[in-house]
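Hello,

Here is the structure I promised to pass on to you. Have a look at it first, and then read on for my notes on what turned up.

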Amino acid sequence: MPIVTVRGLSRTYTRGEHKVHALREVDLDIEAGEFTALMGPSGSGKTTLLNLIGGLDAPTAGSVVVEGTDLAQLSAGARSDLRRERLGFVFQAYNLIPVLSAAENAEFVLALRGVPAAERRERAHAVLAQVGLKGLEDRRPGQLSGGQQQRVAVARALAGNPAVILADEPTANLDSTTGHDLIELMRELNTRDGATFIFATHDPKVLDAARRVIRLVDGEIDEDNRK
Amino acid sequence: MPILLIMAWRNLWRHGRRSLLTALAMALGMAMSMSIISMYDGMFGIMRTLMIDQLLGHVQITHSAFPTRRGLYDTLHHADELLSRLDALPQSRGAVARVHGQALLGTEHRSAGVRLVGVEPSRELAVTKVQDTVPSSLPGGVDPGRFLADEPAREIVIGYDLARDLRVALGDELVAITQDAYGGIGNEVYTIVGLTRSGDEAMDRAGAWLHFSDLQALLALDDQVHEVRILAASDAQDVVGGLLDALPGALPDGLIQDDDATAAISPWWDIDPMAAQMMEMRGIAQFMVLVVVFGLVALGVINTMLMSVLERTRELGVIKALGLRPRGIVWLVLYEALLLSLLAAGIGTLLGAGLIAYLMTIGIPMDVGEGEGIGFGGIVFPSRLYGGISVEAFVEPILGVVLSALLAALLPALRAARLHPVDAIRAE
């Protein structure tokens, strides 16, 4: 069974008098362990699709089913619970919590889940080591470089062992080398630990690394290639 | 410690100066309300002592016609037996009997109509402390003398203002002329031994104290009295209520010897409804002060918390996206307000305690001339008012600052909880 099932998914925004069809009747299955890139020009609907899969936005029509749960059936609170328990997010602008240290950011989702402090601290140190930030656990985001911050964000997404990690343009704010390293890291986590990734990206380096590339044009799936 | 509490604490220090300034403003509001409550404690303490201990007692027992008619013949008999029964009541702190009369009091040059009150000094000392109406000093170095001796010795204590009107001093003799119980003329000469300045305007301007045996003799009342007043073990409503319930059973036979009269048992709030209203005003006045002060505090907190939430729109969106429920977001903001208010409460308690200490030791001068303070409702306050201290002077402002901060933060908190994560994360 696919880990994410999308059927007839549409999202229409109303901008003043205009209706913008960000997504039109998209059907999509994501299997566990896939490393999928959503590509396409700006406004093609990549971020909208990612937000809908993550339950951050509600569709105009159609359904998103994550691990057998139809998101439309969930209350706002239950969607929060699903995100916390089953999903990981990496945002374009890192979006770490500035008052928390790298380790505290990494363990944030576990803290929300109520995992005991010692256990989550241990896990945070482990994932920070995994993303190559050993020794920087106590630094605040302001004391880290952009690449380091995005690694903390990846660590935060990984720490809770989510079913799916959703990453929106994770390399957009990083220089080319740092971006490359980050992709290598995520690819490694995918092959070694079987973590499922879905990216929205323009970055050719990400596209090279992806094993499945879905091309969106005007809110519709134009191409869907598995390598 | 919960991670939300840690975040709230650190968020507070992201704009440390702003948080400290807000906390300081809250603390000042708190210290101000603490000092006002302290002054109320002081002023209403004086009013209470004067009204309950000296003027009214908690409960008065009289002939049923005495409260309205104040007749010479509206008397109680067997007062000694009544007093000893009252002494035995657990709700009672003590009781005294008094005789009341009117007389023309004067020297050969001047005279005035005066209210005479007959008391038993040794009993009064233990209950009403009427002796305190003779102050330790008077303006211009005038010697106030002392209160009446325990045994009747044709002594008289008169109001300081009355003494000035009559142009008499300690040691002078005064003649009292009145109608006695038999319809004859009662008259006697008394020696002035003391001058009162009690704060009770009526007695200070036109009142005099005699030993009750002396007054009974002047009025030819034998051993009858007009009033027995009782002080309850405490001011608490249930103690005074318990006393009122117990009194009817404590009245001896033959207390009232008129066939068409009964004994009247009157609590102080029935005897002087205006005094009762004045004492009740305290609660209202104090509440108004707290509402105004903490209303202003709340406005400051709303401002600070709204700014804090607006600045962190994106961050709050991320936290929401990561799976914190809307209720959790509300708590995050409320924790921040709670910590801010606790910080303010700490500073405010120190400031307020300092102000209260100042008010209790140094006080506020309120001299309106000749060593007299302001007059209000028949009470003349001392020329320097001191603050009091009470648990509520601390508890109410602390609760006020914490509750108003939480209430004020509720609006920004709900606003934060309603943020749409996608829009919030996009916001700059």
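The buried residues of helix α8 in chain B pack against five strands of that chain: β2 (92–106), β3 (111–119), β5 (173–179), β6 (185–196) and β7 (207–211). Please keep in mind that this is a predicted model. Helix α8 itself covers residues 212–219 of chain B and is mostly covered, with 6 of its 8 residues buried. Those buried positions are B:F212, B:D214, B:L215, B:Q216, B:L218 and B:L219. After α8(B) comes B:A220, which has a positive phi, near 55 degrees.

Stepping back to chain B more broadly, the domain assignment divides it in two. Domain 1 is made of 3–50 + 276–426, and domain 2 runs over 65–261. The C-alpha centres of these two domains of chain B are 48 Å apart.

Another helix of chain B that you may like to look at is α13, residues 326–361, where B:G354 lies. Is B:G354 buried, exposed or partly exposed? It counts as partly exposed, because it has 13 C-beta neighbours inside 10 Å, while a residue needs 20 or more to be called buried and 12 or fewer to be called exposed. In space, the C-alpha atom of B:G354 is separated by 8.8 Å from that of B:A31, although their positions lie 323 residues apart along the chain.

B:V330 is also part of helix α13 of chain B. With 19 other C-beta atoms within 10 Å, B:V330 is partly exposed. Which residues does B:V330 contact, leaving aside its neighbours within four places in sequence? They are B:A413, B:L414 and B:A417. For the last of these, the C-alpha atoms of B:V330 and B:A417 are separated by 5.8 Å, and the two residues are 87 residues apart along the chain.

Now to chain A. It has 8 helices and 10 strands. Its C-alpha trace spans about 50 × 40 × 40 Å along the principal axes. A compact globule of 227 residues would have a radius of gyration near 17 Å, and chain A agrees with this because its own value is 17 Å. Of the 227 residues in chain A, 47% are buried. Among the contacts in chain A with a separation of 6 or more, 69% are between residues 24 or more positions apart.

The strands of chain A are worth a walk-through. Six of them form an open sheet with mixed pairing, in the order β6-β7-β8-β3-β9-β10. At its edges are β6 (87–90) and β10 (220–226) of chain A, each of which pairs on one side only. From one strand to the next, the twist averages 15 degrees.

Within that order, β7 (residues 164–168) and β8 (residues 196–200) of chain A run parallel and are joined by 5 bridges. One place to find this pairing is A:D168, whose bridge partner in β8(A) is A:A200. By contrast in direction, β9 (residues 212–217) of chain A pairs with β10(A) in the antiparallel sense, over 6 bridges. There, A:R215 has A:E223 in β10(A) as its bridge partner. The hairpin of β9(A) and β10(A) has 2 residues between the strands, and A:D218 takes a positive phi near 50 degrees in it.

Chain A has another hairpin to visit, made by β1 (residues 4–15) and β2 (residues 18–30). These strands run antiparallel and 9 bridges join them. A:Y13 stands opposite A:V20 in β2(A). The hairpin has 2 residues between its strands, and A:G16 in it takes a positive phi near 65 degrees.

Finally, how do the two chains meet? Contacts link 19 residues of chain A with 18 residues of chain B. On the chain A side, α2 (76–86) and α4 (108–113) each supply at least two of the residues that touch chain B. The most comes from α2(A), which gives 6 residues. By type, the residues on this side of chain A divide into 11 nonpolar, 4 polar and 4 charged.

I hope this helps you find your way around, and happy exploring!

Best wishes

Note on methods:
Residues numbered from 1 in each chain as written. Chains lettered and ligands numbered in written order. Predicted model: local features only at pLDDT ≥ 70, side-chain atom pairs only at ≥ 80, totals over all residues. Domains from an automatic or database assignment. Helix = DSSP H or I, 4+ residues; strand = E, 2+ residues; numbered from the N terminus. Rg over C-alpha atoms; globule rule 2.2 N^0.38 Å. Contact = placed C-beta atoms within 7 Å. Nonpolar A, V, L, I, M, F, W, Y, C, P; charged D, E, K, R; others polar. Pairing = 2+ DSSP bridges. Axes fitted to C-alpha atoms, helices over the stretch in contact; angles between N-to-C directions.
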